[in-house]
Every structure is written in structure tokens, then in C-alpha cells.
Amino acid sequence: MTLITTTIHDVSGHVGSAVRIGCWLHRKRSSGKIQFLQLRDGTGFIQGVLVKSEVEEAAWTAADRLTQESSLYVTGVVREDPRSPSGYELNVTGIDVIHVSEEYPITPKEHGVDFLMDHRHLWLRTPRQRAVMVVRAAIVRAIRQFFDARGFTQVDAPILTPTSAEGTTNLFHTKYFDEDAFLTQSGQLYMEAAAMALGRVYSFGPTFRAEKSKTRRHLIEFWMIEPEMAFVDHEENLRVQEQFVAHIVQSVISECKQELAVLERDVAKLEKITAPFPRITYDEAVKFLNGNGFPEFQWGEDFGAPHETAIAESYNKPVFITHYPTELKAFYMKPDPVRPEVVLCADLIAPEGYGEIIGGSQRIDDPGLMEERFREHKLPMDAYRWYLDLRKYGSVPHSGFGLGLERTVAWLCGLDHVRETIPFPRLLYRLYP
Ligand code: 4AD
Ligand code: MG
């Protein structure tokens, strides 16, 4: 038989054939007469079976030498096996050991989170972490598909910036030769410029928040998708968001069946995520909270995680909370013309306690009001001259939003902490590995 070089993912096309696969030993079980090798190659997992009486001695002794995470080329014949999770098994005929792994630190026993985080570079190899990374990649694909199919142009925002975009309290400061610079908190302001040039745009990149918060929803470095749309008002902004989020969820359900099963995600809950999404105003949310466990909550206060969770519990879809107090929100949000103490904005709160996944708004398009806001927020007018120019040269109504990738991954994978949603998380007190 000629050998076909393939991957675990692709064995389905080679049932009955002899194949060769580069892989690692995940786990091993042996009865003395039969060895069961759990093999992984990054594309999936498959069980390889060696029967002592049926294989050459060299293959048997090679299998004996394999320790956890040793690397090898395995050859064998693909068999369909309905009992195995992948549906296939390999009748192993030969083993070429590439490298015998030293004692592997992550064993089948339970490890503490700090230990696993210290070994994140190895932790990524486990089935659960692999599944999370595959879902993350599927979400990224779905995000791009959605906007690319709707005439948006992808525009990249700078990472090093001279100013803040989302308040000055959580900026990462650095030197830019002799000048001060900051790592970007959001590409939005640049996307507004890009929308005036290209109509509908989105950026997708890393953003940074020097927040001393140690919650299960906060990363110091996270990825954000930020669409910005000229001639789009608050209402249309929300319609785009609900279509967008429903598209992501439905894409992941159809593309990541195996991974969602590994993660033991309740897919029935995700299947309900279709547009439109419910909406409530900030005022209504406050009333709701006052009647449901938070009698002291005052109009003008910001919601924390427990408030968001309480509100989200009433719905089985994400819920928009709209029209927040102007005082609470960023300087660029457009006040409601009939009620300027609130802004034309919305946060989208995911169900099942996963919290805010989107923040968005219509933007101020009046140059006078924008200048006033810079003064109120004590922002250096000079640094924002270019941003004011957008209001001076053919200003138009425009809106946009930012979706946090990692919180979306946490929600769709059903993870209780964002540290597992990104390959190498940057957290308060963690920069390694
Ligand atoms: O609500 P935020 O701060 O909004 C903005 O940055 C706007 N400029 C977006 C825009 O309109 N273009 O952040 C948007 C989203 C949040 O809803 C959340 O999902 C995520 O980014 N996010 C974080 N994710 C992880 N860790 C953090 N520290 C995050 N901060 C925000
Ligand atoms: Mg927000």
C-alpha cells in the first residue's frame, strides 16, 4: 500500500488506506498486549491501536518509549469507529519517534489556575484550550465575513497614539522618542476619519487598558472589532449590531460542533440568538433594578457586573441598554436631541451573565458641541485638532460600535473567565509567558 501523508482532521477521506501523520502523544494506555495511543496533531485527536501480536517489534518498542507529549510520525490504517469521539481509529503499523518528551508538567491530574497560567504555552495543547482557540478563530472569520459581505472596508488603526479615546484614567504611557505616547484604547476616533473617506469601515486589532481590575471580564490587552458608518443613526446602528451578533453565533454553531461538544456548551441556548434583540432604556433598567434586588441603585450610577447580570437574566437573548446618562459616557457620544441629559448610545449585554460585549453610539457631529466637550473633559484641544476637522469639513451623522472579541469567546464557549479566551492573556500581574 502506498502511504498517504495526511492530518487527523482529514483521515475521514482515507478510510481503509495506510496513512502517515506527524503528531504528539497525548495519553497512553496499555494492557500488555495492546497499546492505545491518544494522538493529537493540532487538527484533532485520534486513537491509535497497536496489537503486540500483529505489529513488528520495532513499532511496539517505539510505542513503549513514548512519554506524554513525545513527537512522532505514526503510520497506520484508518478505520471507521462509531464509538470514538472523532468517528475514526488508526490501526498502527509503524512509529518513527521524533523526540521523546521530558517529564511533562501538565498531567491528567487537576492543576491550579496559576500553575496552568504559568504553563500557558503548554496548556494550549489540551483539548479544551484547543477548542477555545478554534472557536475564537471561527468568530474572527465570521466577523470579517459579515462586514466584508456588506461593503465595509477594513482599515487599520494605529497602536501608538498621542491621545486617549476612552477616558484618561487607564492609559498605558510610553515614550515616543521625545514625545509622550499611549497604547491605543480604541481605534474609534481613527475609524471616524476613515468613515468620512470610505463610508463604512471596520478596524480589528489589539487595544489596551491599564485597568487595575481583576475581574473575570477584564484583560489588559484585548481585541476589538470597531465598525464605523457614515450616514447611520442610533437606530440603524442597533440593527447592524443585532444582525452582526446573530451571524457570529449562528456561524459558530454550524462550524464548531465538535469544539462546542468538547467545551460541553449548551448549544440550545445559543440557537435562540437571532435578531432582533430586546431593548430597554437606562431609565427602565434602573426601575427594574430598584424592584429586583437593588432598591438603592440611583439614576446616574453606572452598572456593575451584578447589575448587568440581573438585567440579562430576564432575557434569553442579548439585551440592549440604551440612552445612558451623558455624564456616564464618553465625550464623543451624541446627546438625545429631545433629552440632552442622555446620549444616543447602547451597551449590548450578553445573556447567561457574560456581561457587556458591545459599546456603541451615534457620534457628536456638531463642531461647537464637540469643542465644548473637550473643554468639559479637560482634553487637550490641540491633540484632537484632526478629530475636530471631521466636524468642520462636511460633517455627517455617523455611528459605530466596538465588540470585545474575548468576552464574545467567553460567552460562546461558556467559559467563566476571559483568561482562557486569548492565547497569551495579559492580566493584572501577569505578563508571562
Ligand atoms: O465600551 P468600550 O470601552 O467602547 C469603546 O472602546 C468604543 N470606542 C467602541 C466604539 O464605539 N468603537 O469597549 C467596547 C467593548 C466592550 O463592550 C467589551 O466587550 C470590550 O470592548 N472591552 C473589554 N474586553 C476585555 N477586557 C477589557 N478590559 C475590556 N474593555 C472593554
Ligand atoms: Mg463600555
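This passage describes the ligand site, the two largest pockets and some backbone features of a predicted model.

Ligand 1 is surrounded by 22 residues. E166, Q188, E226, E356 and I357 are the closest of these. By class, the shell around ligand 1 holds seven nonpolar, seven polar and eight charged residues.

Polar contacts to ligand 1 come from side chains and from the backbone. In the side chain of Q188, an N or O atom lies 2.7 Å from a nitrogen atom of ligand 1. The side chain of R209 places an N or O atom 2.9 Å from an oxygen atom of the ligand. At I358 the partner is a polar backbone atom, and its distance to an oxygen atom of ligand 1 is 3.4 Å. Ligand 1 would expose 630 Å² if taken alone, and the protein buries 94% of that area. Three elements give two or more residues each to the shell around the ligand: β12 (221–230), β18 (355–362) and β19 (398–404).

The space that ligand 1 takes is the largest pocket. About 1,200 Å³ of space lies in this pocket. Its lining comprises 49 residues. Nearest the centre of the largest pocket are E166, R209, E211, K329 and E356. E166 and E356 are also among the residues closest to ligand 1, and R209 supplies one of the side-chain contacts described above.

Several elements build the lining of the largest pocket. At least two residues each come from β12, α10 (305–312), β18, β19 and α13 (405–413). The largest share is that of β18, which gives six residues. Strands β12, β18 and β19 also give two or more residues each to the shell around ligand 1. The lining of the largest pocket divides into 19 nonpolar, 17 polar and 13 charged residues.

The second largest pocket holds about 720 Å³ of space. It is lined by 26 residues. G44, F45, P85, S86 and Q258 lie nearest the centre of this second pocket. Strands β4 (45–51) and β6 (88–99) each supply at least two lining residues, as do helices α4 (127–148) and α7 (257–262). Eleven residues of this lining are nonpolar, ten are polar and five are charged.

Backbone geometry was also examined. Two cis peptide bonds are described here. One runs from A275 to P276, with omega near 0°. P276 sits in the loop between α8 (267–271) and β13 (279–281). Another cis peptide bond joins Y432 and P433, where omega is about -5°. The place of P433 is in the segment after α13. Helix α13 is one of the elements that supply at least two residues to the lining of the largest pocket.

A positive phi occurs at E352, a residue other than glycine, with a value near 60°. E352 belongs to the loop between β17 (345–350) and β18. This loop therefore leads to the ligand site in the description as well: β18 gives the most residues to the lining of the largest pocket, and that pocket is the space taken by ligand 1.

How values were computed
Residues are numbered from 1 along each chain as its sequence is written. Chains are lettered from A and ligands numbered from 1 in the order in which they are written. This is a predicted model: local features need pLDDT of at least 70, side-chain atom pairs count only at pLDDT 80 or more; totals for chains, interfaces and linings use all residues. Side-chain values use heavy atoms; hydrogens and water are left out. A residue is near a molecule or strand if one of its heavy atoms lies within 4 Å of it. A polar contact is a pair of N or O atoms within 3.5 Å; within protein, one must be able to donate a hydrogen and the other to accept it, and residues adjacent in sequence count only if both atoms are side-chain atoms. Accessible areas come from the Shrake-Rupley method with a 1.4 Å probe; for residues, only the protein chains shown count as cover. On a 1 Å grid over the protein atoms alone, a cavity is a set of points where a 1.4 Å probe fits but cannot get out, and a pocket is an open set with protein on both sides within 12 Å along at least five of seven lines; lining residues have an atom within 4 Å of a point. A molecule sits in a cavity or pocket if more than half of its atoms lie within 2 Å of its grid points. Helices (H or I, at least four residues) and strands (E, at least two) are DSSP runs, numbered from the N terminus. Ala, Val, Leu, Ile, Met, Phe, Trp, Tyr, Cys and Pro count as nonpolar, Asp, Glu, Lys and Arg as charged, and the others, Gly among them, as polar. Grid points are joined across faces, edges and corners, and a volume is the space filled by probe spheres set on the points.
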